Amino acid sequence: MTHVIRAASRATRIASPAQFTGAVFNDEITAPTAPSRLRASLVTFSPGARTAWHSHPVGQTLWCVSGIGRVQFAGGPVRALHPGDTVVIPPDTRHWHGAAADRVFAHLAMSEQTADGGSTQWFEHVADADYARAPE
Ligand code: MN
């Protein structure tokens, strides 16, 4: 099937506070429709907003669109992200991503679900003290 999904047909969604800290907006690009397993969204984080700790069973690719962001893998440093950066997140790897404390940040998020429909696994929120660490 070939078709165009009009922007006007899909409202921006507010991300759940169960899985995100701060105001986060999700504009869906595509959701998995068999045989494709691809999910892609434009995610916009307000200053200080971020995901909770989480992992992806088939990994995830982020492409930074605008602003200044942050990413951290469990046990590693906080790192700054800038427009045009690509973040490669391996399968089943705990991490979080979000905006810098004083900047809006937007990235494209692309991931595949597993053959049986498995997707993101969510853990605890990122503590303020961990989020506030200076990026390397
Ligand atoms: Mn992720």
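Okay, let's start with one residue and work outwards. If we skip the neighbours within four places in sequence, serine 66 is in contact with Pro83, Val104, Phe105 and Ala106. Keep in mind throughout that this is a predicted model. Where is serine 66? It lies in strand β7, which covers residues 60-67. Is serine 66 buried or exposed? Neither, really: its relative accessibility is 31%, so serine 66 counts as partly exposed. One distance to go with that: from the C-alpha of serine 66 to the C-alpha of arginine 103 is 9.7 Å, and those two residues are 37 apart along the chain.

On to the aromatics. How many aromatic pairs does a search of the whole structure find? Three. In one of them, phenylalanine 20 and tryptophan 122 have ring centres 5.5 Å apart and planes at 55 degrees, so that pair is tilted. Phenylalanine 20 sits in strand β2, residues 20-21, and tryptophan 122 sits in strand β13, residues 121-122, so the pair ties together parts that are 102 residues apart in sequence. The two partners also come with their own accessibility values. Phenylalanine 20 has 14% relative accessibility, so it counts as buried. Tryptophan 122 has 29%, so it counts as partly exposed.

Tryptophan 96 and tyrosine 131 make another tilted pair, with 5.7 Å from centre to centre and 50 degrees between the planes. Here a strand meets a helix: tryptophan 96 is in β11, residues 95-99, while tyrosine 131 is in α1, residues 128-131, so this pair ties together parts 35 residues apart in sequence. Tryptophan 96 and tyrosine 131 are both buried.

Now stay with tyrosine 131 for a moment, since there's an arginine on that ring. Arginine 50 lies over the face of tyrosine 131, at 4.3 Å from the ring centre. Arginine 50 also forms a salt bridge with aspartate 128, with the closest N and O atoms 2.8 Å apart. Aspartate 128 is in helix α1 and arginine 50 is in strand β5, residues 50-51, so that bridge ties together parts 78 residues apart in sequence. And what about burial? Arginine 50 is buried, with a relative accessible area of just 4%, whereas aspartate 128 is exposed at 57%. So there's a buried arginine with an exposed partner.

A second arginine has a ring and a carboxylate as well. Arginine 94 lies over the face of phenylalanine 123, 4.4 Å from the ring centre. The side chain of arginine 94 also meets that of glutamate 124 in a salt bridge, at 2.9 Å from N to O. This one runs from loop to loop: arginine 94 is in the loop between β10 (86-89) and β11, glutamate 124 is in the loop between β13 and α1, and so the pair ties together parts 30 residues apart in sequence. Both ends are partly exposed, with arginine 94 at 32% and glutamate 124 at 45%.

For anyone who wants the general idea, side chains of opposite charge can pair when their charged atoms come close. How many salt bridges does a search of the whole structure find? Six. Another of those joins glutamate 28 and arginine 10, at 3.6 Å from N to O. Glutamate 28 is in strand β3, residues 24-30, and arginine 10 is in the segment before β1 (13-14), so to speak two distant parts of the chain, 18 residues apart. Glutamate 28 has 25% relative accessibility and counts as partly exposed, and arginine 10, at 29%, counts as partly exposed too. Which residues do salt bridges with shared partners join into one network? Arg10, Arg13, Glu28 and Arg39.

Last stop, the backbone. The peptide bond from alanine 34 to proline 35 is cis, with omega near 5 degrees. Proline 35 is in the loop between β3 and β4 (38-45). Then there's aspartate 92, where phi is near 50 degrees, a positive value in a residue other than glycine. Aspartate 92 is in the loop between β10 and β11, and arginine 94 is in that loop as well. With 57% relative accessibility, aspartate 92 counts as exposed.

Technical notes: Residues numbered from 1 in each chain as written. Predicted model: local features only at pLDDT ≥ 70, side-chain atom pairs only at ≥ 80, totals over all residues. Heavy atoms only, no water. Helix = DSSP H or I, 4+ residues; strand = E, 2+ residues; numbered from the N terminus. Buried < 20%, exposed > 50% of the residue type's maximum accessible area, 1.4 Å probe, protein only. Contact = heavy atoms within 4.5 Å. Phe/Tyr/Trp six-rings, centres within 6.5 Å; stacked < 30°, edge-to-face > 60°. Lys NZ or Arg CZ within 6 Å of the ring centre and 35° of its normal. Salt bridge = Lys/Arg side-chain N within 4 Å of Asp/Glu carboxyl O.
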